[in-house]
Each structure stands twice: as C-alpha cells, then as structure tokens.
Amino acid sequence: MGIPSEKLRGCEKAMPLMSLGTATYPLAEPETVKAAILEAIKAGYRHFDTAFAYRSEQPLGEAVAEATRLGLIKSRDELFITTKLWVSFAEPSQIVPACKMSLQNLQMEYVDLYLIHQPLRLTEMNKQIPVDAEIIRPLDVKGAWEGMEECKNLGLAKAIGVSNFSCKKLEQLLSTAKIPPAVNQVELNPAWQQKVLMDYCREKGIHITAYSPLGGSNTHFGDNRILESDVLTDIARARGKTTAQVALRWVHEQGVSIAAKSFNKERIKENIGIFDWALTPHELEKISKIPQRKGVILAEIWGPHDLILELDAEV
C-alpha cells in the first residue's frame, strides 16, 4: 500500500503523510544523507523534511537531482519538500533572503512547505549550544509571519507554517496573520501525546506534523522510552510488527503526518509498512495510559534562560 496524502489549507499539492526526516546530531556526513534519500525514493517516499540547521538541504538537493537523472522520478515536482527558517534569520527583513538561501542549497525554485523552526530569535549565528542569554530575543511573531507570507506571495514556498509553537504562540500568530499557518510541526509520540495542542490545532484547521515519533532515540534530546516501552513491545509481538511500527501507526491514527528519520535501508522501508493495518480499541486504550513526558526541552538546547524557560512552560 502506498503512502496516503492530505491536502493542506492553501496548498494545491497534497502532502504525503510520511516524510523522511533528515535531522541528526551529531551531523551525518552529506554522502550518508544523500544515500538514505535515494533509498527512500526507491522505497516510495515522496516527502522529505529538511532544515537549514540540519545541514541536509544540500545533500537533499543533490539526491533529488540524481534521482531525476536515474529516472527514479520524472522531476522535482513529484516530491514534497519541507524546510525551515533558522532562528538566526528570524528578523523580518532576513526571512525572504533566508528562504532564497535554502532554495540555493536545495537547487530548487520553490519549497512545498516553509516553517519557522522555533518561536525565538538569535541576534547572531550560533556556533554552539547552549548560547549566551544576550543573543536570545523573543520572536517578533507578527513581523516574522509577514516575512513568511511574503515567501508564499513570491512563490518561493507553496505553503507556510511553524514548528514548536504552543497554543499561546499560535493564538498570537492567528490574531494578525493574513495567511493562516498550514502546519505546526511538533514533538508527538505515544509518550508525549500533546492532547491540548492537538485539539487546539484541529479546531483552528492547522495540520500537525509529528517529529520524534519514536522518541528521538540516538539524538541528544531523545531516549529509548518508545522503542523500549513494554506496552508497545507487547502489542508489536502480538501483531507481528516492530515496536517502531506500532508507535508510528499510533501517530498516524491521530490524523497527523509524520517526519521519521532513518538512514538505515531496512528501517526506511519498515517505517512505511504502517498503512494497511490498524490498532484495536483495546490497544489504543493501553497506549493512552503510557506515562507522559516531554522529550524536547528548549532549556537543554539553548540554556536555562528566562525567555527559554517561559517557552518550555507553554502548552
């Protein structure tokens, strides 16, 4: 069974509901990223999630050019590409140039979806994390969103959205937006089910994309609480699935799209084997009782500064 897709608000092309995520920490070698993307295209993926901060825009662009040369796809237009505005370029006047820089890295004329990566701004490019408090600023939500709207109006991005935005930040954005955000990409998995945010986004017509659907194992912020969950492992054993497939199926059944990172050929294939079966009400009930804990804590990335702690406390 192929990967289903969904039409986003204000976007002509339907978005495939499973994308290959390309965020790694420490950063992967460009050749590793490129090889994984080519494997994913062969396996049937048509949506790729990148960001300026992941340093994977360039290898993604190269992989797409190679896939076209090899005849795996006819053109870039068959793909759905998401990238993100980094916090160092979140001052309103920097946003269109930052989008153009990403397009240059990707060797593309447009992206399908452009997201504000985080709801904050740095006054300079960060060389490392955490950072000093004096370079952290609140995001000018109104001004930054006007910059994003300009990217859409210029045709640089077919749709625009946000990432890591709380209900409070979305409320602020919606109060002045001319074009509402199509997507909010957030941490979402069986151990961080985000019920309040999910309900809010549903009510406002904002599609959610789940990152860290497997709990970010092998990242600096993640752990194995999904892949080693007894509840998920027991369901997987009973169903003849992997624990990862059970977690991904649960996320899919929440009516959201998924950005799942894997550079392993077998797991790339395995992660899309979730669309031709369903969890039972009894299994869903068990999963709903998994203890909840946020994995992505901004203070652990940027440092425990007042503004950051405030953002972490928002739902």
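**Exercise 1. The second largest pocket**

By class, how many nonpolar, polar and charged residues are in the lining of the second largest pocket? Work out where the lining comes from as well.

*Solution.* This is a predicted model: local features need pLDDT of at least 70, side-chain atom pairs count only at pLDDT 80 or more, and totals for chains, interfaces and linings use all residues. Residues are numbered from 1 along each chain as its sequence is written, and side-chain values use heavy atoms, with hydrogens and water left out.

Step 1. Fix the term. A pocket is an open set of points on a 1 Å grid over the protein atoms alone, where a 1.4 Å probe fits, with protein on both sides within 12 Å along at least five of seven lines; lining residues have an atom within 4 Å of a point.

Step 2. Take the volume. The second largest pocket holds about 340 Å³ of space. A volume is the space filled by probe spheres set on the points, which are joined across faces, edges and corners.

Step 3. Find the centre. The pocket has 20 lining residues, and Trp192, Gln194, Lys294, Glu314 and Val315 are the closest to its centre.

Step 4. Assign elements. β10 (183-187), α6 (195-204) and α12 (306-313) each give two or more residues to the lining. The largest share, 3 residues, is from α6. Helices (H or I, at least four residues) and strands (E, at least two) are DSSP runs, numbered from the N terminus.

Step 5. Sort by class. The lining has 11 nonpolar, 3 polar and 6 charged residues. Ala, Val, Leu, Ile, Met, Phe, Trp, Tyr, Cys and Pro count as nonpolar; Asp, Glu, Lys and Arg as charged; the others, Gly among them, as polar.

**Exercise 2. Two cysteines**

Explain why Cys151 forms no bond with Cys99.

*Solution.* Step 1. Recall the chemistry. A disulfide is a covalent bond between the sulfur atoms of two cysteines.

Step 2. Apply the cut-off. A disulfide here is a pair of cysteine sulfur atoms within 2.5 Å. The count by this rule is 0 disulfides.

Step 3. Check the distance. The cysteine sulfur closest to that of Cys151 is in Cys99, 4.1 Å away, so it is too far for a bond.

Step 4. Check the exposure. Buried means under 20% relative accessible area, exposed over 50%, and partly exposed in between (1.4 Å probe, protein chains only). Cys99 counts as buried because its relative accessibility is 1%. Cys151, at 0%, is buried too.

**Exercise 3. Following the strands**

Trace the parallel pairings from β4 to β10, and name the crossovers.

*Solution.* Step 1. Set the rule. Two strands pair if DSSP finds at least two bridges between them.

Step 2. Start at β4 (residues 47-49). It pairs with β5 in the parallel sense over 3 bridges. His47 has Phe80 of β5 as its bridge partner.

Step 3. Look at β5 (residues 80-85). 6 of its 6 residues are buried. β5 pairs with β6 (residues 111-116), also parallel, over 4 bridges. Here Lys84 stands opposite Leu115.

Step 4. Go on to β9 (residues 157-163). β6 and β9 pair in the parallel sense over 5 bridges. Tyr114 has Ile160 as its partner in β9. β9 is largely enclosed by the rest of the structure, because 6 of its 7 residues are buried.

Step 5. Finish at β10. β9 and β10 are parallel over 2 bridges. Val162 meets Asn184 as its bridge partner.

Step 6. Name the crossovers. Right-handed means that, with the strands pointing away from the viewer, the path from the first strand over the helix to the second runs clockwise. The right-handed β-α-β units include:

- β4, α2 (residues 57-69) and β5
- β5, α3 (residues 95-106) and β6
- β9, α5 (residues 167-174) and β10
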